[in-house]
Amino acid sequence: MTTLIGTAPGHRQPPAHHPAPPPVARLAIAPPSGVPRRIDGVWWPHRTDLAAELPELLPALPFDWPRITHATANGALWAPLPTLTPVAGHVVRLRRIPDRPGPPTLCLVSAGIGRWDLLVIPPETPEADAVRILAGVAAGDVPAD
């Protein structure tokens, strides 16, 4: 009989539990430029439930973006949401504007510091199309809206 180091004879250690890695935020931030632009990046969420998606999105934002305190979901894409949701140890205020014309966007605000706007690729978008849009934005091809 083989004994594992550090265990009593006849007792086996349970296999180490390896948690699944967190889902990867499907996000592309436009490279810095010298001119202001309406869209700062593009995001392809897994679903239309913003409160469930924010814990994945916010940690994936660039390190130089400050803590996000408010998020406004614009467009008919988004499911109804609560007014507050905890994310990474702080509370984010949520707002939904379902009748805003144009493509869906997400406006992220850091109180007293600034705002960043993400164009949202609907979750049901075919992967090839979404990847093409994400790659274009990462390369600097930022849609006007």
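# Getting to know this predicted model

Q: Leaving aside its neighbours within four places in sequence, which residues is Ile29 in contact with?
A: This is a predicted model, so start by picking out Ile29 in strand β1. Skip the neighbours within four places in sequence and look for residues with heavy atoms within 4.5 Å, since that is what contact means here. The residues in contact with Ile29 are then Asp40, Gly41, Pro62, Trp65, Leu118, Val137 and Ala138.

Q: Is Ile29 buried, partly exposed or exposed?
A: Buried means under 20% relative accessible area and exposed means over 50%, with partly exposed in between. Ile29 comes out at 24%, so it counts as partly exposed.

Q: How far apart in space are Ile29 and Ala135, C-alpha to C-alpha?
A: Along the sequence, 106 residues separate Ile29 and Ala135. Now check the space between their C-alpha atoms in the 3D view: the distance is 9.8 Å.

Q: Which elements does the chain have, and in what order do they run from the N terminus?
A: Start with the totals: the chain has two helices and seven strands. Write α for a helix and β for a strand, and go from the N terminus on. You get β-β-α-β-β-β-β-β-α.

Q: What share of the chain's contacts with a separation of 6 or more comes from residues 24 or more positions apart?
A: Ignore pairs with a separation below 6 in the sequence, and take the contacts that remain. Those between residues 24 or more positions apart make up 61%.

Q: How many of the residues lining the largest pocket are nonpolar?
A: The largest pocket, with a volume of about 220 Å³, has a lining that includes Ile29, Trp65 and Trp116. Asp40, Asp64 and Arg37 are also among the lining residues. Sorted by class, the lining has three charged residues and one polar residue, and the number of nonpolar ones is seven.

Q: In which sense do strands β3 and β5 pair, parallel or antiparallel?
A: Find β3 at residues 70–74 and β5 at residues 90–97. One of the matched pairs to look for is Thr72 with its bridge partner Arg95. The two strands pair over five bridges, and the sense is parallel.

Q: Is Thr72 buried or exposed?
A: Thr72 lies in strand β3. Leaving aside neighbours within four places in sequence, Thr72 is in contact with Arg95, Ile97, Thr105, Leu106 and Cys107. Its relative accessibility is 14%, and because the cut-off is under 20%, Thr72 counts as buried.

Q: Which residue in the turn between β4 and β5 has a positive phi?
A: Strand β4 (residues 84–87) pairs with β5 in the antiparallel sense over four bridges, and Val87 has His90 as its bridge partner. The two strands form a hairpin with two residues between them. The one with a positive phi, about 50°, is Ala88.

Q: Along β4, which side chains point to one face and are buried?
A: Follow the strand and you'll see the side chains alternate. Leu84 and Pro86 point to one face and are not buried. Pointing to the other face, and buried, are Thr85 and Val87.

Q: How many residues apart in sequence are the parts tied together by Asp117 and Arg38?
A: The side chains of Asp117 and Arg38 meet in a salt bridge, at 3.6 Å from N to O. Asp117 lies in strand β7 (residues 114–120), while Arg38 sits in the loop between β1 and β2, so the pair ties together parts whose separation in sequence is 79 residues.

Q: Which residues are linked with Asp117 in a network of salt bridges?
A: Asp117 is buried at 6% relative accessibility, whereas Arg38 is partly exposed at 32%. Asp117 also meets Arg115 in a salt bridge, at 2.8 Å from N to O. The residues linked with Asp117 in the network are Arg38 and Arg115.

Q: In which helix are Arg132 and Asp129 separated by about one helical turn?
A: Their side chains meet in a salt bridge at 3.9 Å, N to O. Arg132 is exposed at 54% and Asp129 is partly exposed at 33%. Because they are three residues apart, about one helical turn separates them, and the helix, at residues 127–138, is α2.

Note on methods. Residues numbered from 1 in each chain as written. Predicted model: local features only at pLDDT ≥ 70, side-chain atom pairs only at ≥ 80, totals over all residues. Heavy atoms only, no water. 1 Å grid on protein atoms, 1.4 Å probe; cavity = no way out; pocket = protein on both sides within 12 Å on 5 of 7 lines; lining within 4 Å. Points joined across faces, edges and corners; volume = space filled by probe spheres on them. Nonpolar A, V, L, I, M, F, W, Y, C, P; charged D, E, K, R; others polar. Pairing = 2+ DSSP bridges. Buried < 20%, exposed > 50% of the residue type's maximum accessible area, 1.4 Å probe, protein only. Salt bridge = Lys/Arg side-chain N within 4 Å of Asp/Glu carboxyl O.
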